[in-house]
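Biologist: I am new to this model and would be grateful for a close look at one part of it. Could you describe how that part is put together, and explain each term as you use it?

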Amino acid sequence: PGSVRAENRFLNAPSISDNIAGMGLHIGSGHGYGSTNITRIHTIQESPGNGSVDTYFLFEPQFSNTTTDDQVQINYFDHQIGGLNESGLAVWKSVNNGVSWIKYEGAINTGLNQVTGNNVSNTATSTLFTLAERDCLTDPNVQVGAATQHFCTGETLTLDAGAAGLIYEWYKDGVLLPTETTEFLNVTEAG
């Protein structure tokens, strides 16, 4: 796999119609990202959906964006789709180097080979973007062990759902743990 990098592109309220450095990534935003580096990497990301197209982008703006919802549009070539359903593609974003991904629905134009994701929020100073199918074809097989597990006071029990790259909802006594979203949960008390 190869890559192409565009450095020091100044993005101040970029338009969705601008193909940044001709790389196939468009950002529509009211935000000033400042000096921005973009790298297009030609390889598949395994985690989002059923795997991505054969390209993803590393977006590295000078300033993160936590205040506006952006549009992100990605252009692709037919040969990059592999076995994915072209009409079912969506934009996916990761702010933790591909550990977990968030899907953004929008418009798909298979004639122009473009997918747009709307309301893309919280773009960090190191963000990955790719295209993958909107829906997983198969649900992950999640097993966290026996329904009751015992451990002593002061010990930590780690639950492992076993399927990386997904976003999880963990509960304690019926209450959502909003900051616990990875496949691992460290338990230090009964519940």
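**The sheets and the aromatic cluster**

Modeller: Strand S2 and strand S5 (residues 70–75) are joined by four bridges and run antiparallel. A strand here is a DSSP run of E with at least two residues, numbered from the N terminus, and two strands pair if DSSP finds at least two bridges between them. The model is a predicted one, in which local features need pLDDT of at least 70 and side-chain atom pairs count only at pLDDT 80 or more, while totals for chains, interfaces and linings use all residues. Residues are numbered from 1 along each chain as its sequence is written, and side-chain values use heavy atoms, with hydrogens and water left out.

Within the pairing of S2 and S5, Gly28 lies opposite Gln71 of S5. These strands belong to an open, antiparallel sheet of four strands ordered S2-S5-S9-S8. Strand S2 (25–28) and strand S8 (108–109) form its edges with a single partner strand each, so one side of each has no neighbour in the sheet.

A further open sheet holds six strands in the order S1-S3-S4-S10-S6-S7, again with antiparallel pairing. Its edges are strand S1 (3–12) and strand S7 (102–104), each of which pairs on one side only. On average, neighbouring strands of this sheet are turned by 25 degrees against each other, direction ignored; axes are lines fitted to C-alpha atoms, and angles run from 0 to 180 degrees between N-to-C directions. At the S7 edge, strand S6 (residues 89–94) and S7 run antiparallel and are joined by three bridges, with Trp92 facing Lys103 of S7 as its bridge partner.

Aromatic side chains also deserve attention. Rings of Phe, Tyr and Trp (its six-membered ring) pair if their centres lie within 6.5 Å, with planes under 30 degrees apart counted as stacked, over 60 as edge-to-face and the rest as tilted. By this rule there are two aromatic pairs. The ring centres of Tyr33 and Phe59 are 5.2 Å apart and their planes stand at 85 degrees, so this pair is edge-to-face. It links distant parts of the chain, Tyr33 in strand S3 (residues 32–41) and Phe59 in strand S4 (residues 52–61), 26 residues apart. Ring pairs join Tyr33, Phe59 and Phe129 into a cluster. Both Tyr33 and Phe59 are buried, where buried means under 20% relative accessible area, exposed over 50% and partly exposed in between, with a 1.4 Å probe and protein chains only.

Thr123 lies in the loop between strand S9 (114–120) and strand S10 (127–133). Its relative accessibility is 3%, so Thr123 counts as buried. Leaving aside residues up to four places away in sequence, Thr123 touches Tyr33, Phe59, Ser64, Asn65, Asp70, Lys93 and Phe129, a contact being heavy atoms within 4.5 Å.
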